[in-house]
Amino acid sequence: MMRSLYSGVAGLKTHQTKMDVIGNNIANVNTTAYKASSIVFSDLMSQTTQRASGPNATTGAGGINARQIGLGVKSGAININITGQGSTQSTGNPFDVMINGNNFFVVNNGQENFFTRDGSFYVDAAGNLAMTSLGYNVMGWQVDPDTGNIRKDTVSALRIMSAANLTYPPEATSQAYLSGIIDKNDTDVTSENGKVVNLKIYDSLGYSYTAKFKFRQSSVKEEYSMELDKIIDSTGAELELSEAEMQTLFGDSSGTQAIQKVNTKVSLKKGYTWGTGGVLNNADGAVATLANIFNNDGTIKSGTNIVSAAGVTPEVTEAERAQQELEALAAAYGHEGAADDFLNLCVTFTDATATPPTSATFTVKQLLLAEIGGTVGNPVVGAAGTAPAQTFTKLGEKGDGSAFTSDSRVFYGHTVTFDHKTGLLASVDGSTTDFNVRLNLNSAGLVGTLTGDDGNPVQITDENNPRGNFSNIVIDLSELSMFDNKGTSTASATSGSNDDQTKGMGAGRRLGDMIGVSIDQAGLIYASYDNGMTRLLGQIATAAFANASGLEKKGDNLYSATLNSGEFDGIGEDITAGGGYMSTGQLEMSNVDLSSEFTEMITTQRGFQANSRIITVSDTLLEELTNLKR
């Protein structure tokens with residue numbers, strides 16, 4: 001009789017334990033990444049009242065089974081449904097990460113590693129990726145600084161918001177390309193100002209500049225000049241470049257001035273006359289004096305002394321006076337373009353008395369220098385040492401609109417030729433294979449001297465260089481074409497490589513500030529910057545166990561390894577190695593199934609009631625037995 005009482009008590013205790021498991025599951029129905037537990041029962045033990053006996057062949061008696069009376073029930077095992085995937089909750093937080101698969105995040109409290117499925121992370125004040133609940137660091141692999149790839153060695157804390165990661169360094173532009181159409185009927189192309197194409201570039205400090213190129217058509221319809229007009233910074237200020245620097249910056253491959261064929265008539269306007277000493281006059285007096293414009297070596301005056309200007313501004317610097325009088329001189333000859341272009345026009349003189357007749361071509365600038373006894377130099381075309389056969393003031397000296405014809409012009413740049421049959425690029429500077437030109441911004445010619453406040457030259461250094469720290473830029477012209485586009489040219493310049501394999505490389509960039517962080521399915525963490533760049537910051541490592549159910553719960557959604565789960569090797573595993581992946585902006589919810597839990601609750605309640613009845617019925621039987629002596 002007592003056995004049934006104790007069996008009932010064991011049943012009550014065991015069903016109460018099961019109810020505790022069910023209650024804990026239901027309590028954690030909304031706990032992030034909680035894994036439901038279940039309990040299985042096993043019988044406690046049995047009392048044997050008679051052992052089993054086998055058949056007796058002698059007597060012919062059969063065998064008898066053992067007679068055993070059970071003494072109750074106990075908890076056999078409590079299992080965790082640790083591999084059951086919980087449902088998905090979308091949060092929109094880029095640092096919320098859900099594991100799809102059987103792996104675990106690795107987190108560390110500064111002393112030891114723990115494992116969790118709770119992917120609710122944030123970035124702490126030190127820039128570390130950490131758990132929002134406990135602040136434990138999320139562990140992963142770092143980026144190899146030499147290769148830029150993930151180095152999968154010992155896991156360590158992922159410090160994704162370090163000072164070095166908050167910005168992306170600037171880079172100087174090193175490659176560019178031109179594309180589009182140069183229409184031969186475009187009035188910009190045929191004008192003296194040319195078709196302007198702007199190329200945005202960066203120096204090594206991330207400062208932006210605009211290199212302005214212009215295309216001008218020669219008298220040969222398929223031939224064009226490509227010239228560097230100017231370089232301006234982000235404030236619109238123009239870099240001061242000497243003629244020698246311009247030649248070095250964008251001269252042709254031979255380093256000399258290129259010659260373009262033109263057919264330009266230049267007339268000295270009525271009312272202008274040349275006086276002695278290279279002075280151009282009109283009715284109001286002197287307009288320009290060559291000695292005020294040129295130094296003896298042919299350079300334009302650049303002095304800072306305050307002087308008076310002929311017919312322009314009463315008080316200007318020597319440099320300002322030189323520019324003003326040069327512009328007045330070009331305007332007197334009806335030149336519409338820049339005054340420097342006027343100086344580059346060429347005039348050819350022929351000596352018919354020589355046998356055979358000889359000719360020499362000089363620029364307008366050389367002819368003007370001859371007027372004041374300056375250094376003329378060798379002719380553009382002709383024998384070295386040939387002197388101008390006719391001075392410039394003799395060209396249109398009557399002041400009655402008579403003209404002289406310029407048959408060519410010199411420029412620092414490149415000659416671009418198109419195939420008149422296909423309209424495609426045919427050659428650059430005569431080469432039919434190399435369609436690249438080079439903007440030599442990092443050449444030695446760009447580094448010279450500045451003029452200090454005291455008027456003395458100052459050597460340019462990295463500290464005082466106002467013209468940036470550039471790289472040489474290779475510009476690909478192969479995408480240019482010459483098609484009929486109704487008189488409109490569409491040529492444009494783009495920084496970066498145009499090659500399919502290296503598209504966009506070498507474009508240069510400014511300093512970039514971090515604007516976002518993203519985590520891909522493999523746990524790779526990328527930062528994006530406002531200069532268009534991205535950077536790999538690290539990778540979230542995971543842990544996999546041969547028997548994940550053998551992990552020991554530590555509370556706070558944490559687990560630790562046990563002898564039956566398998567040890568963590570300290571390196572971790574790429575989640576994709578096992579076919580899993582990570583989802584960002586999502587969290588894994590509890591895998592508790594309420595319908596199953598409520599069903600188990602009902603059966604547990606009935607089991608508890610039945611065991612309580614065993615006790616009450618056994619008590620009644622004992623009561624009847626006691627009442628027998630009354």
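This passage looks at the overall form of the chain and then at one residue, N498.

The structure is a predicted model. Its secondary structure comes to 8 helices and 41 strands. A helpful starting point is the overall extent of the chain: along its principal axes, the C-alpha trace spans about 165 × 55 × 40 Å. The radius of gyration tells a matching story, since the chain has 46 Å, whereas a compact globule of 630 residues would have a value near 25 Å.

Turning to the surface, the chain exposes about 31,700 Å², and carbon and sulfur atoms supply 49% of this area. Of the 630 residues, 42% count as buried. Contacts can also be sorted by how far apart the partners sit in sequence: among those between residues at least 6 apart, 62% join residues at least 24 apart. As for charge, the chain has 43 positive and 68 negative side chains, and the centres of the two sets lie 11 Å apart.

With that picture in place, a single residue can be followed more closely. N498 is found in the loop between strand 33 (492-495) and strand 34 (512-519). Is this loop residue buried or exposed? N498 counts as buried because its relative accessibility is 18%, and the cut-off for buried is under 20%. Leaving aside residues up to four places away in sequence, N498 touches Y177, D476, E479 and K503. One of these neighbours, K503, also takes part in a polar contact: the side chains of N498 and K503 are joined at 2.6 Å.

Note on methods. Residues numbered from 1 in each chain as written. Predicted model: local features only at pLDDT ≥ 70, side-chain atom pairs only at ≥ 80, totals over all residues. Heavy atoms only, no water. Helix = DSSP H or I, 4+ residues; strand = E, 2+ residues; numbered from the N terminus. Buried < 20%, exposed > 50% of the residue type's maximum accessible area, 1.4 Å probe, protein only. Polar contact = N/O pair within 3.5 Å; in protein donor to acceptor, adjacent residues only side chain to side chain. Contact = heavy atoms within 4.5 Å. Rg over C-alpha atoms; globule rule 2.2 N^0.38 Å. Areas by Shrake-Rupley, 256 points an atom, 1.4 Å probe, with all protein chains shown as cover. Lys, Arg positive; Asp, Glu negative; His and termini not counted. Charge placed at Lys NZ, Arg CZ, Asp CG, Glu CD.
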